[in-house]
Every structure is written in structure tokens, then in C-alpha cells.
Amino acid sequence: MNITIFGGSEPKPGSPAYAEAYELGRLLGEAGHTVLTGGYIGTMEAVSRGAAEAGGHVVGVTCTEIEHWRPVKANAWVQEERRFPTLQARLDELIHACQAAVALPGGPGTLTEIALTWNLMIVAAMPPKPLILVGPGWMAVFEEMFHSLGVTTPEHQRRLLQFAPDVQAAVSRLPKS
């Protein structure tokens, strides 16, 4: 199964966030999944490394716009690079080329990836697929949205999001392939 991982670029080797992302990649690689990430540093590097070292296939989805903004190239564990000119095309590939997506903690880019994936499922622009958000932070963000912003999110739309306390629970929520 192709599993896209969303997450931040800030985690560094030796940090708890990097270790968590590495563990997710390892678990997915051991299970024989293909892992798709944004292909660069931080969470993307840790997941790629974990999956590659466990024998999984790693796809890095990169883009020219990111590389013009920040001088980075695909990380050393990317086995297949899918390169696009724009961030939008990169997001489209990450979202549409997978059968499930897992979001680790991250910043505005990760929030964009979650929101776009979720909204495409809501408006039936793509079929529903597991969208699993890891950690208490995402639960807090979406609980705030569901209850405190004055926006009513119907229950059937809320059910498109799954929450997992850790990466082990996230992997256990993936459909069996």
C-alpha cells in the first residue's frame, strides 16, 4: 500500500519528534508499504530513513519552488524521486498517489496538507481514504475547530479524520493490505 506521511521539516536527529518519525517509517517499511514523503529534511528524512532501513520503498515528492525557497535536495534515503515544478503539484501527488495518509506533528505546511486532503474527501473530489493524525496536538486543533470557532462541522465530515495517540496506534488503524 502507498502511505503518504505529512509532517514538519524542523525535527532534528536525536530529537523525540525525529525518533517518532523514524519509528513510523520503520513500522511501515517492515510491513512492506511504500512510503511517500515530501522528500526533504526533518520528519520527511526520519520517515524515509526508517522505512529504507527496514527494507521499504521510499518515494520523495519534491519541487522546484521549495528548493528555490530553501537550499535543500532530496534526502539520502529517497529511492525514487518524483519532482514537480510547483508546491501545488507536489501536494496533489502526495494526496492522490496514496491509499492512506498519516500526519505527524508539524506546522502550517502540515496543516495545509491535512486540510486539503480532508476537504477533497468532503467534496467527493476523491474517494475517502484513511487520514490519521498522530498526537494530542492535532486532536486539540480540530476539537477547537469543531466546538469553539462557531463553525458547525457535521459528524460525517468529522469521521473522515482519525486520531491516534502515537505512531504504533496510527499503523494499527491502517487497512490490512
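**Group meeting: strands, a covered helix and a pocket**

Let me begin with one pair of residues: His57, in strand S3, is the bridge partner of Thr34. The chain gets from S2 to S3 by way of helix H2, residues 43-53, and the β-α-β crossover made in this way is right-handed. Please keep in mind throughout that what we are looking at is a predicted model.

Staying with that pair for a moment, Thr34 belongs to strand S2, and its relative accessibility is 16%, which is under the 20% cut-off, so Thr34 counts as buried. Which residues does Thr34 touch, once its neighbours within four places in sequence are left aside? The contacts are with Met1, Asn2, Ile3, His57 and Val59, so that the bridge partner His57 appears again in this list.

Now to the strands themselves. Strand S2, residues 34-37, pairs with S3 in the parallel sense, and the pairing runs over four bridges. S3 also pairs with strand S4, residues 80-84, again in the parallel sense, and here there are five bridges, with Arg83 in S4 as the bridge partner of Thr62. Strand S3, which spans residues 57-63, is mostly covered, since six of its seven residues are buried.

The helix of the crossover deserves a closer look. Is H2 enclosed or open? Nine of its eleven residues are buried, and H2 is therefore largely enclosed by the rest of the structure. The buried set consists of Thr43, Met44, Glu45, Ala46, Val47, Ser48, Gly50, Ala51 and Ala52. Which elements cover these buried residues of H2? The cover includes strands S1, S2 and S3, together with helix H1, residues 16-30, and helix H4. After H2 comes Gly55, which has a positive phi, near 90°.

A positive phi turns up in another place, and there the residue is not a glycine: Ala124 has a phi of about 60°. Ala124 sits in the loop between H5 and strand S6, residues 131-134, and with a relative accessible area of 63%, over the 50% cut-off, Ala124 is exposed.

Let me turn next to the largest pocket, for which the computed volume is about 460 Å³. Its lining is made up of 24 residues, and those that lie nearest the centre are Gly7, Ser9, Arg70, Gly109 and Thr110. Where in the fold does this lining come from? Strand S1, residues 2-6, helix H3, residues 64-69, helix H4, residues 87-96, and helix H5, residues 108-122, each supply at least two residues, and H5 gives the largest share, with five. For those of you thinking about the chemical character of this site, the lining divides by class into eleven nonpolar, nine polar and four charged residues. Two of the elements that line the pocket, S1 and H4, are also among those that cover the buried residues of H2.

I will finish further along the chain, with Phe146, which is part of helix H6, residues 136-147. At 7% relative accessibility, against a cut-off of 20%, Phe146 counts as buried. How far apart in space are Phe146 and Arg158, which are twelve residues apart in sequence? From C-alpha to C-alpha, the distance between Phe146 and Arg158 is 8.3 Å.

Notes: Residues are numbered from 1 along each chain as its sequence is written. This is a predicted model: local features need pLDDT of at least 70, side-chain atom pairs count only at pLDDT 80 or more; totals for chains, interfaces and linings use all residues. Side-chain values use heavy atoms; hydrogens and water are left out. On a 1 Å grid over the protein atoms alone, a cavity is a set of points where a 1.4 Å probe fits but cannot get out, and a pocket is an open set with protein on both sides within 12 Å along at least five of seven lines; lining residues have an atom within 4 Å of a point. Grid points are joined across faces, edges and corners, and a volume is the space filled by probe spheres set on the points. Ala, Val, Leu, Ile, Met, Phe, Trp, Tyr, Cys and Pro count as nonpolar, Asp, Glu, Lys and Arg as charged, and the others, Gly among them, as polar. Buried means under 20% relative accessible area, exposed over 50%, partly exposed in between (1.4 Å probe, protein chains only). Two strands pair if DSSP finds at least two bridges between them. A crossover is right-handed if, with the strands pointing away from the viewer, the path from the first strand over the helix to the second runs clockwise. Contact means heavy atoms within 4.5 Å.
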